[in-house]
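Me: Please take a close look at one part of this model, the stretch that precedes the first strand. Where does it sit, and what does it touch?

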Amino acid sequence: MTKDSKKHTFFEHTECEYYPCHKEIEEINCLFCYCPLYHLENCPGNPEWKEKNGRKVKSCLQCTFPHRRENYDKVMQILRDRG
């Protein structure tokens, strides 16, 4: 499949007040602005775990996994498998 035939898998919202939310990647897929994998303890991204009020809290501030064009199919497959 070519890049153009999968237009529904990528959306870059350059007008967003938070754009770019991750400066370390050139193209940012805003389709998953809020990560649909946040609820997973063992997600394929690189979250950090911080302690807050005696609880472990997942921080995805440094994670770019769902924002990379090449990971769309991986995210969708994880969601289908967990369905």
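Reply: A residue counts as exposed when its relative accessible area is over 50%, as buried when that area is under 20%, and as partly exposed in between. Asn53 shows the upper end of this scale: its relative accessible area is 76%, so it is exposed. Asn53 is found in the loop between S1 and S2. Its phi is positive, about 55 degrees, although Asn53 is not a glycine. The model is a predicted one.

Now to the segment before S1. Start with Asn29, which lies in that segment. Is Asn29 buried or exposed? Its relative accessible area is 0%, so Asn29 is buried. A polar atom of the Asn29 side chain lies 3.0 Å from the backbone nitrogen of Leu31. Leaving aside residues up to four places away in sequence, Asn29 touches Thr9, Phe10 and Phe11 on one side of the numbering, and Pro66 and His67 on the other.

Phe10 brings in a further partner. Arg69 lies over the face of Phe10, at 3.9 Å from the ring centre. The side chain of Arg69 also meets that of Glu27 in a salt bridge, at 3.3 Å from N to O. Arg69 is in the loop between strand S2 (55-59) and helix H1 (72-82), and Glu27 is in the segment before strand S1 (48-52), so the pair ties together parts 42 residues apart in sequence. Neither partner counts as buried. Arg69 has a relative accessible area of 24%, so it is partly exposed. Glu27 has 35%, so it too is partly exposed. Side chains of opposite charge can pair when their charged atoms come close.

Move along the segment to Phe32. Phe32 and Tyr72 form a stacked aromatic pair, with 5.9 Å centre to centre and 20 degrees between the planes. This pair also links distant parts of the chain: Phe32 is in the segment before S1, Tyr72 is in helix H1, and 40 residues separate them. Both rings are shielded. Phe32 has a relative accessibility of 9%, so it counts as buried. Tyr72, with a relative accessible area of 13%, is buried as well. A second aromatic pair joins Tyr34 and Tyr38. That pair is tilted, at 6.2 Å centre to centre and 45 degrees between the planes. Its setting differs from the buried rings just described: Tyr34 counts as exposed at 62% relative accessibility, and Tyr38 counts as partly exposed at 32%. A search of the whole structure finds these two aromatic pairs.

Phe32 and Tyr72 both belong to the largest nonpolar core. That core has nine residues: Phe32, Cys35, Leu37, Leu40, Cys43, Cys63, Phe65, Tyr72 and Val75. In soluble globular proteins, nonpolar side chains tend to be buried together. Val75 shows the wiring in detail. Not counting residues up to four places away in sequence, Val75 touches Phe32, Pro36, Leu37, Phe65 and Pro66. Pro66 therefore meets two of the residues followed here, since it also appears among the contacts of Asn29.

The backbone of the segment has a feature of its own. Pro20 lies in the segment before S1. A cis peptide bond joins Tyr19 to Pro20, with omega at about -5 degrees.

What else does the segment reach? Gln62, in the loop between S2 and H1, touches His22, Glu24, Asn46 and Glu48, again leaving out residues up to four places away in sequence. Gln62 has a relative accessibility of 47%, so it counts as partly exposed. Gln62 and Asp81 are 19 residues apart along the chain, and their C-alpha atoms are separated by 25 Å.

Glu48, one of the Gln62 contacts, takes part in another salt bridge. Its side chain meets that of Lys50, at 3.7 Å from N to O. Lys50 has a relative accessible area of 43%, so it is partly exposed. Glu48 stands at 35%, so it is partly exposed too. The count of salt bridges comes to two. One more charge sits over a ring: Lys56 lies over the face of Trp49, at 5.1 Å from the ring centre.

Technical notes: Residues are numbered from 1 along each chain as its sequence is written. This is a predicted model: local features need pLDDT of at least 70, side-chain atom pairs count only at pLDDT 80 or more; totals for chains, interfaces and linings use all residues. Side-chain values use heavy atoms; hydrogens and water are left out. A nonpolar core is a set of buried Ala, Val, Leu, Ile, Met, Phe, Trp, Tyr and Cys residues joined through side-chain atoms within 4.5 Å. Buried means under 20% relative accessible area, exposed over 50%, partly exposed in between (1.4 Å probe, protein chains only). Contact means heavy atoms within 4.5 Å. A salt bridge is a side-chain nitrogen of Lys or Arg within 4 Å of a carboxyl oxygen of Asp or Glu. Helices (H or I, at least four residues) and strands (E, at least two) are DSSP runs, numbered from the N terminus. Rings of Phe, Tyr and Trp (its six-membered ring) pair if their centres lie within 6.5 Å; planes under 30 degrees apart count as stacked, over 60 as edge-to-face and the rest as tilted. A charge sits over a ring if NZ of Lys or CZ of Arg is within 6 Å of the ring centre and within 35 degrees of the ring normal. A polar contact is a pair of N or O atoms within 3.5 Å; within protein, one must be able to donate a hydrogen and the other to accept it, and residues adjacent in sequence count only if both atoms are side-chain atoms.
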